[in-house]
Every structure is written in structure tokens, then in C-alpha cells.
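Subject: Structure for your review

Dear colleague,

Please find below the structure that I am handing over to you. My notes on what was found in it follow directly after.

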Amino acid sequence: MIQPLKIKTNRLFIVFLLISNALFSMVNGYDLWLDYRKISDDALLQAYRSRVQAIHMNEGSETLGVIKKELSMGLGRLLDREVVFGQYGNKENMLVVSTLAHLPNELKEHIDGSKLNREGYAIKSIKQEGKSYVLVTSNDELGLLYGAFHFLRLLQMHSPLDGLDIEESPKVDIRMLNHWDNLDRTVERGYSGFSIWNWHTLPDYIDQRYIDYARANASIGINGTALTNVNANGLILTPQYLEKVKALADLFRPYGLKVYLTARFSAPIEIGGLETADPLDPKVVQWWKDKTKQIYDLIPDFGGFLVKANSEGQPGPQNYGRTHLDGANLLADALAPFQGVVIWRAFVYSEHDPTDRAKQAYSEFVPDDGKYRDNVLIQVKNGPIDFQPREPFHPMFGAMPKTPLMMEFQITKEYLGFATHLVYLPKLFEEVLRSDTYQKGKGSTVAKVVDGSLNHKKVTGMAGVANIGTDANWTGHPFGQADWYGFGRLAWDPYLDSGTIAEEWLRCTFTNNENFVEPVKKMMLESREAVVNYMNPLGLHHMFDTSHHYGPGPWVDNLSRPEWNPVYYHKADDEGIGFDRTKTGSDALSQYAPELREKFGNLETCPEEYLLWFHHLPWDYQLKNGRTLWDGLGIKYQQGVDQVGDMIKTWEDMKPYVDEYRHNQVSMLLGIQLKEAKWWRDACMLYFQTYSKMDFPKEMEKPENTLEHYKSLQFPFAPGIRPTWN
């Protein structure tokens, strides 16, 4: 009599665990912007149920299968009922999800497929014979996948379904994440746990997280992923690892997600048994052709190679007296028969080059414009130094009209407080994309360079260095998800507004309550300027501590390479502060269009946010508000601290609208951010005071510790750098 009761109890306990785990995943952030909460407005819920009584869609391919599964789960949760699939022509109001080729004839007349590219889609509301239809259609099944996710997003945001007339096509071809993941599962500049790729258990064990990763990327239009660190390991190209890569590629294919690999330039030596990696050596040429064919035999839709060469100690063609052009074209020729691409990073600088580091990439790449193979993209960081809180756009954008330039943004916050600071990066991305290069007159924005419209490029791309790890919520900071989401949306359409993106993410991730959405959106949009203020105001840059880039280190001057030292960039001395990049200094300004040379070179017209990027100025230089440069620095640092304090107040007011778990999580992280904003203010201003010899402005709070205290701080185990195992 006892045993049946025990079985029943165990079953109930298992059900309880399943329900508890499901509820926890909805508040711990694992579901990202795809948690598909039940529609909270009863009238709207009934309206949606009435409009989507059944779904008509075709069966067949794996992509159609994942669309059906996503709609079943998404609509099932949103509408809180079982999803019914039926045939068009039945009596129900329906959601019709079909490619144009398989669309019922009477619905085809409502769509002009010529306006949609391969990945594009249309979403339209149609009235026909007394019935209401919402039509999601495309020329290709991938477009159908993206359209289905867009439709689900409309419901998540409580958007009306009447009068829908949406036509979307991506403006950028390759929209990819760059994972800086090492094979030992550490992640360079990653602050969200270890790498999600468990190479040890692949290919036989497929983690559910891999599937959810593909879903999340597909939902925002990301169609490529470079799995491994740009500081590459040749082992990834060996058969043992390629078998593991194949398992991921097979899993990702239905979601439109192509796999790319980082190619270590010295791989022919390290895993190929050759004595050289000279790109002009016939044996090396053949080795890369053979290796590329081996990859495509396993992965027919392999995207291609991402390469970091002759940068920060990485091997490259210059080791053999060759050029980046020689190296890129070597790999391009190997990939061309398979329609693959080589993405060659322009992040290069040399300790042997005494010129301004900001000039070096331009000098090495621009002279070879037009000489690269058609399947080469040059991947350029958004600014000329290295993912700083604020930089002017990289001068290469617009300067290579015959060569595709692929934007490289950093989604992980290497120089922006790691995953402990709330800094909404799409605001930074938007600022860069809207910058005018003037290379073909006014209106020649960086976005037009990236999407190819400025110079009619055949292939285009945008990459983001991923902030993803094994943390429960993927990104460490809950608001780090907005950076991943926002990158995907801007890669799809570089002209989107960062405020619109923030609102989408907030509504899908938290709630549609206006009392939450509006103040938190405002907080997000102001957060990037806050971090600039408390870290690198008025054009200062690269003042981060050694190696880990955690916290301030403006005093660092003992590193082996001059351009690794913060003193190289701020150049503070008794006379003043700032890097002179005008004709009287490094003349880096000459790499920009004449209109910008005039604007930035003239102190009357140079925006103050770039003042110390382009000019070395006296401490008593008068700013536009009449205050001295010294006072202006202190006021900006204090303003950044105060802005974080305002964020804390805003978030505290949001407690009624957010689950306790995530509210507490963000509250604690904001507390860390405030503490570290004060650290930045105090350490930097105390150090600069040793040169200015001036009192702090009255608006600035007194430092909490001495300069010697801040200089003594060490962080040997800061996250984001690969540890050395003893």
C-alpha cells in the first residue's frame, strides 16, 4: 500500500521540479528576449486569439520544422493555449506562414516579392472573404524564419495586428558574432563565465544551450558565428576538432547560422608539418587548398576564415617579408571554389613603427585598395585605437572604395567596466554608424560604407565580439543581453534608432508597462555617456590598467611596448594633457576627409568630446562654458559618478515592475558600478593633479583615498584574461 503512494509522490516532485525550473529560467534571464510571457492585457489576449485561431504552413525542411516548433512554443505561451495547425481555406482566422512559391494564389497578389532579397520577408494583414489573415511570407525559407520571429516580437510588444504592412530585408550580408573563445574554454575579454562550446563532449553530446544560442541569433537576424579566438590555435583545423565543428554546423544550419573559423597563419607549420608558412610558397598554397577542401567536405556551407595576422605577436605574412595583401589573397584563392570568404582583420600595430598607433592600420591597408580578391573583406574596428568608451570612427571607413570593409564592434565590455557595469552599447554603435566620413561629400556615413551603398560593394559585413558565456543569463549582467540584441538589430539595419531597439528589448525581456519602459529606456540611453564621463572624458582614451584592462592606470609607463602604456595616449605633463594629432603632432588627422581635418583640427569647431583625442592643451585652457580644462575634467568625472547614482535611483523605483531575482541582481551590480566610477574619478584626478598642481573644482567630491593607494591595487585574477596554470 505504501509503494504506489511513493511513486505518486515522486512523480509529483518531478513535476514540481520541472515547473520550478521553467519558472526560474523565466526570471534568471536564460530565455533572453524570447521568454514569451502570456499576454497580460485580457482584451488584447482575446483579440490575438481571435486573429490567430490556427496556423497554415508547409511541412518539409529542417528550417520549416524549427519555424513550426518556435511558433508552437511562442504562441502557446503568449496566447496561453494549444496552437492548432490547419489548412488555408478553413473557417478560422489564420496566421499563414509560407514562402511565396507555396502561397495560395489568392494571397500572392498582395505581395511583391521583387522587393525582398533572399533573407527578406513581408508581414501583412489581409481581409478575404470575411476572414482575417496575418501573412508571413518570403522568397526563401530563411526569410520565413526571420519573419516568424518578427511576428512573435510584435505580439510580445503588444502591437496591433490590424493594418500590418511590413517589408524587411537585411542591409548587410554577413552579420556575425566573433567568439574570442579558447579551446580550453577560457574566453579572452569574456566576463560571463566560460565558453559555451564544450569541445570535450562534442560531437556526441549536444547541449540544449547550443540550440537556444541558434534560436536567439536567428531571432535578431545574425547569420554567422566565428567559434574561436582571433588569437588562434591551429588545432581547430585538425580532423579531431573539425568533426566537432561539423556537429555545431549541422545543428545551426536550419537557423541560417553559418560557421566560420579563425585560421592561424602558421598552421601549415604547426599542424601541417611544413617548414614555412610563406604565402607565396607553392607547398603552403597547396596546403591551404587541401585544408579548405577538407573542411568543405565536412561542412558544405562553411562560411570561411577570420584572420588576425602580424598583430600583438600573432604570426602573419610579414614574418616572410610579404604583405597583408599576399596573406589575404592566399586564403581567398583557397576559399573561392566553395564561395567562402576570408575576413582579414585590420587591427595591426607594431612596436617597430614609431608613428602614432592610430595611423598604422590605414597606412598598411589603404595603399592596396582594389588589389584584394573579390571574396576578401577587411574587418575594421569602429575606432582607430581599440574599442574605447569613445573614439572617432576609424579613418579607413570610406578610404577604401574598392574593397569591402566589415565593421567590428565589441559587444563584450573589455574597456567599459566588464559585465559589472550597465552600459548600453547600441548607443555607441549608433554614434559610429551615423558618423559622416565625407569621403563622397556630406552624407557619406559609416553606415553607408558598411552596407556597401556608398561604393556599391558586392559583399558586406558586420561583426560583434560576443559577450556570451556559461552564466545562467548568458551575458553576466542582465542588461548585457541588450547589447547582443542591439548588435543583431543594427547588423540587420545599420540605420535603426538605438532608442527603438532599447524599447523592443525592454518590452520583450521585462514588461510592456509604460511606467517601466520609459524611465529604464532613458537610463539605458544615458548610460554610455555616463561611462565616458567617469572613465575617459573630453577625448581621453586608453587609460586602463595593465593587461586585464580592469580599472584605471593612467600612471602605467613601464610596459615593454610604448603603445601599451597609458602615458602614451594622454601625454599629461606640466604643460597640459592630450594627444596632438594635428599637423603639429602625429598628423593622424590627415587620414580623414578635408572637411573633418578642418573641423577637428580647429579648436573653435572641434567637438569637446574629442578635444584631447586630437589636441594637447594647457591645463588652464578655456572650455566653451568658460571653465578651465582642469575644472572641466573634474566636473565630467563627477558627472559620471552622479549619473550612476541617478541610475540606482531609477532602478530602485522599478521594483514593482520587475521580478525580485533580476531586480536584486541589477541593484547589486549598480552598486559595484558606483563604487568603481568613484575609483576612476579619484585615481585619475589625483594622478593628473601631480602635473596640473591645481585644486579640484568645487563641483567634485574629494577623493576617498590617496594616489599611492590606487597605484598599489593589483588584480592578478581579474576575469577576461587567460590564466596561467601552474
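Helix H14 covers residues 480–492, and its 13 residues should span 18 Å at 1.5 Å a residue. The C-alpha atoms at its two ends are 19 Å apart, which agrees with that expectation. H14 is also mostly covered, since 13 of its 13 residues are buried. Please keep in mind throughout that this is a predicted model.

The chain as a whole

The chain contains 22 helices and 15 strands. For 726 residues, a compact globule would have a radius of gyration near 27 Å, and the chain agrees with this at 27 Å. Taken along the principal axes, the box filled by its C-alpha atoms is roughly 80 × 65 × 65 Å. Of the 726 residues, 61% count as buried. The accessible surface of the chain comes to about 28,600 Å², and 52% of this belongs to carbon and sulfur atoms. Among the contacts with a separation of 6 or more, 73% are between residues 24 or more positions apart.

The open sheet

In what order do the 5 strands of the open sheet stand? The order is S1-S2-S4-S3-S5, and the pairing is mixed. Strand S1 (54–57) and strand S5 (165–168) stand at the edges; each has a single partner strand, so one side of each is left without a neighbour in the sheet. On average, neighbouring strands of this sheet are turned by 20° against each other, direction ignored.

Strand S2 (residues 94–99) and strand S4 (residues 131–138) run parallel and are joined by 6 bridges. In this pair, Ser98 stands opposite Thr137 in S4. Helix H3 (residues 62–79) packs on the sheet and touches S1 and S2; the direction of H3 makes about 170° with that of S1.

S1 and S2 also run parallel, with 4 bridges joining them. Here Ile55 stands opposite Leu95 in S2.

Is S2 enclosed or open to its surroundings? The strand is largely enclosed by the rest of the structure, because 6 of its 6 residues are buried. In a regular strand the side chains alternate between the two faces of the sheet. In S2, Met94, Val96 and Ser98 point one way, Leu95, Val97 and Thr99 point the other way, and all are buried.

The closed barrel

A second arrangement is a closed barrel of 8 strands, which runs S6-S7-S8-S9-S10-S11-S12-S13 with parallel pairing. From one strand to the next, the twist averages 25°. Within the barrel, strand S7 (residues 224–226) and strand S8 (residues 258–262) pair in the parallel sense over 3 bridges. The bridge partner of Thr225 in S8 is Val259.

Helix H7 (residues 239–252) packs on this sheet, where it touches S7 and S8, and its direction makes about 150° with that of S8. Helix H12 (residues 426–433) packs on the sheet as well, touching strand S12 (405–410) and strand S13 (461–465); the direction of H12 makes about 150° with that of S12.

Points of local geometry

Most residues other than glycine have a negative phi, and most peptide bonds are trans. The following places are therefore worth finding in the model, with that general statement in mind.

Leu32 is not a glycine, yet it has a positive phi of about 55°. Leu32 lies in the loop between helix H1 (2–27) and helix H2 (42–51). With a relative accessibility of 5%, Leu32 counts as buried, the cut-off being under 20%.

Gln339 is not a glycine either, and its phi is positive at about 60°. The loop that holds Gln339 runs between helix H10 (324–335) and strand S10 (341–345). Gln339 is exposed, with a relative accessible area of 65%.

Which residues does a cis peptide bond join? The bond lies between Leu202 and Pro203, and its omega is about 5°. Pro203 has its place in the loop between strand S6 (174–178) and helix H6 (208–219).

The surroundings of Ser350

Ser350 lies in the loop between S10 and helix H11 (357–365). At 22% relative accessibility, Ser350 counts as partly exposed. Leaving aside residues up to four places away in sequence, Ser350 touches Gln360, Arg561 and Glu563. Ser350 and Asn310 are 40 residues apart in sequence, and their C-alpha atoms are 8.4 Å apart in space.

Yours sincerely,

A colleague

Key:
Residues are numbered from 1 along each chain as its sequence is written. This is a predicted model: local features need pLDDT of at least 70, side-chain atom pairs count only at pLDDT 80 or more; totals for chains, interfaces and linings use all residues. Side-chain values use heavy atoms; hydrogens and water are left out. Two strands pair if DSSP finds at least two bridges between them. Axes are lines fitted to C-alpha atoms, for helices over the stretch in contact, and angles run from 0 to 180 degrees between N-to-C directions. Contact means heavy atoms within 4.5 Å. Buried means under 20% relative accessible area, exposed over 50%, partly exposed in between (1.4 Å probe, protein chains only). The expected span of a helix is 1.5 Å times one less than its number of residues. The radius of gyration is taken over C-alpha atoms; the globule rule is 2.2 Å times the number of residues to the power 0.38. Accessible areas come from the Shrake-Rupley method with a 1.4 Å probe; for residues, only the protein chains shown count as cover.
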